[in-house]
Amino acid sequence: MVRVILAAMAVLVAAVTGIVGYRTYAFSAPPLLASVTPPDISTYAVDAEAAAARLGAAIRIRTVSIVNEGDDPAPFAQLHAWMQQTYPAFHAAARRELVNTLSLLYVWEGSDPAQPPMLLLAHQDVVPVPDETRGAWSDDPFGGVVRDGAVWGRGAIDDKGSLVAILEAAELLAAQGRRPTRTILFAFGHDEEIGGEGAQAMAQVLADRGVRAWFAIDEGLAIIDRHPLTGRPTALIGIAEKGFATLRVSAVGRPGHSSMPPPETAVSLVAEAVDRVHSMRIERQLGGGPAHAMMRALAPELSLTTRAAVANEWLFGPALQQRFAQDPAAMALIGTTVAPTMMNAGVRPNVLPGEATAMINFRLHPRDTAADILARARAGIADIEGVTLDWAEPPREASATSSVTSSSYALIAALSEASYGEAAVAPGLVLGGTDSRHYGSVAENVYRFAPMVLSSDDLETIHGNNERVSVENLERLIRFYAGLMEAGAMQ
Ligand SMILES: [Zn+2]
């Protein structure tokens with residue numbers, strides 16, 4: 001009998017080893033569509049220094065998002081006039097519309113209306129520079145200085161670098177008398193940093209016209225100089241972005257003196273509820289989101305053990321999760337995150353408050369919906385009397401996940417390779433929000449990528465101090481967008 005069991009076990013081990021081995025071997029990047037041959041983008045006559053000076057000029061126009069009604073919209077009008085003046089060939093070729101007061105929608109009509117248009121996105125507004133951080137800047141944040149091979153100032157990366165590069169590329173082609181066959185749409189929102197009503201309005205205009213774009217491309221991800229898993233430069237093309245939802249936890253208690261408290265107070269109830277929601281079960285895995293596709297794309301660069309583990313999540317899932325749990329960025333990639341961020345209760349140490357509240361911020365992974373999270377959070381605290389859970393504001397769902405086998409993904413990937421061949425190309429997940437989320441219904445696929453090579457130091461300057469973009473990166477962007485327009489719309 002023992003021999004039979006041993007033999008059965010040996011067969012089982014051999015089978016598992018075989019499956020693991022086969023899956024590891026078969027785990028590789030899906031082939032990109034062979035039909036994409038990008039133009040030689042190195043031949044474009046780009047004057048990077050002159051473009052850098054123009055980006056500097058754009059930075060000097062302080063288009064800080066308009067938060068209050070009384071805020072001065074003049075900088076946006078100034079930017080619009082500057083764009084018209086600086087890019088005359090493009091403005092002669094394309095039709096320009098103002099939408100939602102300050103957002104700009106351009107239509108560069110193609111000769112073949114049968115081809116779905118290409119949609120290029122960027123935003124005009126920038127976040128402010130708080131007075132208390134001003135001292136940490138080496139230059140005037142709105143000076144647009146070109147120094148040490150970089151353009152310095154608020155918006156250099158986010159997102160005037162892309163805005164100016166798109167205009168530079170369009171001007172370059174328009175000045176050569178090039179005309180697209182496929183219509184190219186340009187949508188430049190004016191309030192991305194505060195919610196993107198402009199983008200929403202432009203998407204609505206496009207929807208009303210029955211537009212269904214081939215693809216849309218916006219900011220979101222870039223070429224990181226060192227991928228945490230492979231240690232190599234990697235171009236991450238955002239194929240989805242996470243949702244955003246904030247849960248308000250409220251508890252009512254009996255107000256009174258704290259010398260003879262009831263078993264629970266509003267504070268203890270909220271604390272208990274926050275703790276339970278914080279530790280609620282969240283699905284975390286590679287599948288069901290961009291993580292799996294990212295791993296597949298990076299498969300050739302993964303160590304054999306990592307590759308075996310990710311190819312066999314059915315077996316090594318728990319081990320993988322343990323490894324990911326050590327890195328907040330990795331955890332954010334594979335699941336919804338839960339972050340208690342605010343608490344409010346009580347006025348005196350010796351007074352029982354009648355009410356206590358807390359806020360828990362969720363970043364929704366594409367596999368989760370806000371309604372499901374809320375229902376499960378409520379079920380988890382159902383036995384705590386006097387506590388209610390509601391969204392503090394309407395939740396924003398995660399975006400749909402765009403294809404990694406589409407012709408547009410292949411085009412972007414090929415142009416990324418042409419821009420910076422040292423980098424592997426892989427799909428990624430955008431953890432924050434971009435204007436692109438509003439265009440999901442008017443584009444077949446939505447990608448979030450600009451081929452700037454950025455270090456982790458560079459990433460910290462976005463919305464931070466000493467924001468700057470290297471002239472090299474700016475040139476890379478211009479060539480990329482020109483290649484996108486030429487290969488995608490002019491052949
Ligand atoms: Zn931005």
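**Exercise 1. The whole chain**

How many helices and strands does the protein chain have? Work out as well how its overall dimensions compare with the globule rule.

*Solution.* Start with the count. This is a predicted model, and its protein chain has 15 helices and 19 strands. Next, take the radius of gyration. The value is 26 Å, close to the 23 Å from the globule rule for 491 residues, so the chain is as compact as a globular protein of that length. Last, take the extents. Along its principal axes the C-alpha trace spans about 80 × 75 × 45 Å.

**Exercise 2. Two domains**

Locate the domains and describe the side of domain 1 that touches domain 2.

*Solution.* Step one is the bounds. The domain assignment gives domain 1 as 41-239 + 400-489 and domain 2 as 242-391. Step two is the spacing. The C-alpha centres of the two domains lie 33 Å apart. Step three is the contact. Domain 1 brings 16 residues and domain 2 brings 17. On the domain 1 side, strand β16 (residues 424-430) gives the largest share, with 7 residues. By class, that side has 11 nonpolar, 4 polar and 1 charged residues.

**Exercise 3. The four-stranded sheet**

In what order do the strands of the sheet with β12 and β15 run, and which helices pack on this sheet?

*Solution.* Write the order down first. The open sheet reads β12-β14-β10-β15, with antiparallel pairing. Then find the edges. β12 (337-345) and β15 (387-391) each pair on one side only. Neighbouring strands are turned by 20° against each other on average, direction ignored.

Now check one pairing. β10 (residues 243-252) and β15 pair in the antiparallel sense over 5 bridges. Leu247 has Trp391 of β15 as its bridge partner.

Finally, add the helices. Helix α12 (residues 370-380) packs on the sheet and touches β10, β14 and β15. The direction of α12 makes about 175° with that of β15. Helix α7 (residues 266-278) lies across β10, β12, β14 (355-364) and β15. The angle of α7 to β14 is about 10°.

**Exercise 4. The β1-β2 hairpin**

Describe the pairing of β1 with β2, then find the residues with positive phi between them.

*Solution.* Begin with the strands. β1 (residues 95-99) and β2 (residues 103-108) run antiparallel and are joined by 5 bridges. One of the paired positions is Arg95, whose bridge partner in β2 is Val107.

Move to the turn. The hairpin has 3 residues between the strands. Asn100 takes a positive phi near 50°. Thr101 sits in the loop between β1 and β2, with a phi near 70°. Most residues other than glycine have a negative phi. Thr101 is a residue other than glycine with a positive value.

**Exercise 5. A small sheet and helix α15**

What is the strand order of the sheet that contains β5, and how does α15 lie on β5 and β19?

*Solution.* The order is β4-β5-β19, in an open antiparallel sheet of 3 strands. The edge strands are β4 (146-147) and β19 (468-470). β5 (residues 150-152) is joined to β19 by 3 bridges. Within this pairing, Trp152 has Arg468 of β19 as its bridge partner. Helix α15 lies across β5 and β19, at about 75° to β19.

Continue along the chain from β5. Asp159 lies in the loop between β5 and α5 (160-175). The peptide bond joining Asp158 and Asp159 is cis, with omega about 5°. Most peptide bonds are trans.

**Exercise 6. Two helix pairs**

Classify the packing of α2 with α15 and of α1 with α9.

*Solution, first pair.* The axes of α2 (residues 48-60) and α15 (residues 471-489) come within 9 Å and cross at roughly 100°. Angles of 65 to 115 degrees count as roughly perpendicular. α2 and α15 are therefore roughly perpendicular. From α2 come Ala48, Glu49, Ala51, Ala52 and Leu55; from α15 come Val471, Leu474, Glu475 and Ile478. By class, the contact has 7 nonpolar, no polar and 2 charged residues.

*Solution, second pair.* α1 (residues 2-26) and α9 (residues 304-311) pack at about 105°, with axes 8 Å apart. This angle makes α1 roughly perpendicular to α9. Val20, Arg23 and Thr24 of α1 meet Arg307, Ala308 and Ala311 of α9. By class, the contact has 3 nonpolar, 1 polar and 2 charged residues.

Technical notes. Residues numbered from 1 in each chain as written. Predicted model: local features only at pLDDT ≥ 70, side-chain atom pairs only at ≥ 80, totals over all residues. Axes fitted to C-alpha atoms, helices over the stretch in contact; angles between N-to-C directions. Parallel < 35°, antiparallel > 145°, perpendicular 65-115°, else oblique. Contact = placed C-beta atoms within 7 Å. Nonpolar A, V, L, I, M, F, W, Y, C, P; charged D, E, K, R; others polar. Domains from an automatic or database assignment. Pairing = 2+ DSSP bridges. Rg over C-alpha atoms; globule rule 2.2 N^0.38 Å.
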